[in-house]
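Please open the structure in your viewer and keep the selection tool at hand for the stops that follow.

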Amino acid sequence: MKRKLILITLIVLAATSFCFADKTINTNEPANAVYLVFKDKPGNFTVNGVPCQNDYFLQQYIEIDPATEIKIEGATPIESVAFDKANTPAEVHKWEEPCEKADLLLISSHADDEQLFFAGILPYYSQVRKYEVQVAYATDHYAEPTRHQERLNGLWECGIRHYPVSAGYYDLYSESYDEALRNLSGYDVTEEDIIAWEKSLLKQFEPKVLITHDENGEYGHGMHILVNGTVKKALENAKSEFPFLQRVYFHLYDQGAVKLTWEDEAFDELGGLTPFQVTQQKGFECHKSQHWTWFKRWIHGRNNEITKAEQITTYSPMDFGCFYKADAYEVTEKDDFFEGIMSYAEEAEAKRIAAEEAAKAAAEAEAEALRIAQEEAAKKNRLRKITFIGLSLLGVVIIIIAIAVKRKH
């Protein structure tokens, strides 16, 4: 595997040797970190006797006490490497847990749809806008386990750091909503199950914005159609069930049009590439198993002539429409899913600034009240002094008059 060769080369350069003998990695120099790649969810396992916390990640970065022999017990990785964490190889992915709260939730039917029909969205919102982005997949590719790694590698290349989630449905081709449901019924999956899963995603991640497939399934794939249709049903009581949800966008939807013109704009945060180019050249590039399909021609062109999203006219990744919005906000720019919506971080910052301004205003009001009180006290004190002096003078005058009267008589 190309990936394994890259990892081996990196470790050789780091003067570290390792072995793939199931559960043991040996190194010449003490290593304080390991990177493990699994074919299937590893379940509970230990590294040098220490339980692994992320026992469902298929790619795991784990820090350990320095050792030249690392024993993995309870699971067998398909790739493993030990190294000094101060010189972590570029190929190592340090995944974070799924979002606590997602600004953007993307529901993709398959591994690679997120790089095709939603091209550019992931790098733009995660790296340029710095939003919390969560990706969820309806299907798993049990017959093609390499696609699990392609999925993770592609997400990482697009700047996604929160580990994706999946319903785990079988990848079965169909050409309609009903056919997709019939296929899944053979695995005891019902329409109600899918709707419940989508609702659980919304409740778990509380996204501000949800994005998913075209209601016609882009090129007519039944699973895409099914995901779109069940999302519609999951949102029937959106305002009461999901008050945090501000907007829902469908690919190619013909209402509330949004055209992602920034897809072909270069950004420093993306190394001078456009969001579309990041997806095209890095994200989809990881999906080697799909490069024999028409998808590669769709995103690259027959002779690699496609360099901009605007060149794709069929199932354009730039065209979306607003299916649902929680308020009457009228979109004007028509190129941003978040126009008029603050991310959770922006919302927290706005609240922090408002709290600081309120505290400052309260402090200023308190200081002003104290100043006024002090001025009033000073006035009263001056008045008391003037009164005392006046009375004193009056007393002296009275005494003088009294003495003068007495002498006269």
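Begin by selecting Cys99, which is buried (under 20% relative accessible area, with exposed over 50% and partly exposed in between, for a 1.4 Å probe and protein chains only), its own relative accessible area being 4%. This is a predicted model, in which local features need pLDDT of at least 70 and side-chain atom pairs count only at pLDDT 80 or more, while totals for chains, interfaces and linings use all residues. Residues are numbered from 1 along each chain as its sequence is written, and side-chain values use heavy atoms, with hydrogens and water left out.

From Cys99, look for the closest cysteine sulfur, which belongs to Cys158 and lies 15 Å away, too far for a bond. A search of the whole structure finds zero disulfides (pairs of cysteine sulfur atoms within 2.5 Å). Cys322 is also worth selecting, and is buried with a relative accessible area of 14%.

Next, select Ile121, Tyr125, Ile211 and Phe337, the residues with the most contacts inside the largest nonpolar core, which has 63 residues. Such a core is a set of buried Ala, Val, Leu, Ile, Met, Phe, Trp, Tyr and Cys residues joined through side-chain atoms within 4.5 Å. Helix 3 (residues 121-128) gives the most to this core, with five residues; helices here are DSSP runs of H or I, at least four residues, numbered from the N terminus. Apart from this core lies another, of 34 residues, including Ala180 and Phe242.

Staying with Phe337, show its contacts (heavy atoms within 4.5 Å): leaving out residues up to four places away in sequence, the residues touched by Phe337 include Val209, Arg247, Tyr249 and Phe320.

Technical notes: Helices (H or I, at least four residues) and strands (E, at least two) are DSSP runs, numbered from the N terminus.
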